[in-house]
Amino acid sequence: MADPCEVFIGKLPKQPHLLPALEEALKSSLADFVSHAAGGADEAAGDCTIRVRMHTSPKTGCGLGYAFAWLPSPEVAASLVAAAAFCFQWQGQTETACVRAARGHDRGR
């Protein structure tokens with residue numbers, strides 16, 4: 001079963017040398033989304049921890065074009081999933097990533 005705070009993010013750039021900066025751009029945009037969803041208030045009394053896990057090919061190190069994010073609450077995650085996409089600033093342009101609920105494959109993790 002999927003963590004209710006976890007979302008799948010797709011349609012991401014794949015260049016391996018840009019992934020650390022991409023992760024920071026996603027976190028920044030997701031933090032803005034969380035703040036907006038919370039009505040500008042700090043989520044959970046300042047606990048606005050957003051984790052992002054980028055996925056790469058073990059053979060080439062290239063990004064696979066998707067990531068997972070864990071948001072501070074199930075309500076915020078559901079709100080992002082309902083939006084189906086969000087925008088983030090990337091290399092001077094506004095890019096759009098698609099979002100869906102995470103499926104929650106356990107695979108022994």
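## Salt bridges

Two salt bridges turn up in this structure, which is a predicted model. One pairs the side chains of Glu 23 and Lys 27, at 3.5 Å from N to O. These two sit four residues apart in helix α1, so about one helical turn separates them. Both ends are partly exposed: Glu 23 has a relative accessible area of 21%, and Lys 27 comes in at 25%.

The other bridge runs from Glu 24 to Lys 27, with the closest N and O atoms 4.0 Å apart. Here the spacing is three residues in helix α1, again about one helical turn. Glu 24 is partly exposed too, at 47% relative accessibility. Through shared partners, Glu 23, Glu 24 and Lys 27 end up in one network.

## How α1 meets α2

Helix α1 (residues 19–37) packs against helix α2 (residues 74–83) at an angle of about 110°, and their axes are 10 Å apart. That angle makes α1 roughly perpendicular to α2. On the α1 side, the contact uses Leu 30, Phe 33, Val 34 and Ala 37, while α2 brings in Val 76, Ser 79 and Leu 80. Sort those residues by type and you get six nonpolar, one polar and no charged.

## A buried glutamate

Now for Glu 6, which lies in strand β1 (residues 6–10). What is the nearest side chain of opposite charge to Glu 6? That would be Arg 53, 4.8 Å away; Glu 6 is buried yet has no salt bridge. Because a salt bridge needs the nitrogen within 4 Å of a carboxyl oxygen, this pair misses out. Setting aside neighbours within four places in sequence, Glu 6 is in contact with Phe 68, Ala 69, Trp 70 and Ala 102.

Terms used:
Residues numbered from 1 in each chain as written. Predicted model: local features only at pLDDT ≥ 70, side-chain atom pairs only at ≥ 80, totals over all residues. Heavy atoms only, no water. Buried < 20%, exposed > 50% of the residue type's maximum accessible area, 1.4 Å probe, protein only. Lys, Arg positive; Asp, Glu negative; His and termini not counted. Contact = heavy atoms within 4.5 Å. Axes fitted to C-alpha atoms, helices over the stretch in contact; angles between N-to-C directions. Parallel < 35°, antiparallel > 145°, perpendicular 65-115°, else oblique. Nonpolar A, V, L, I, M, F, W, Y, C, P; charged D, E, K, R; others polar.
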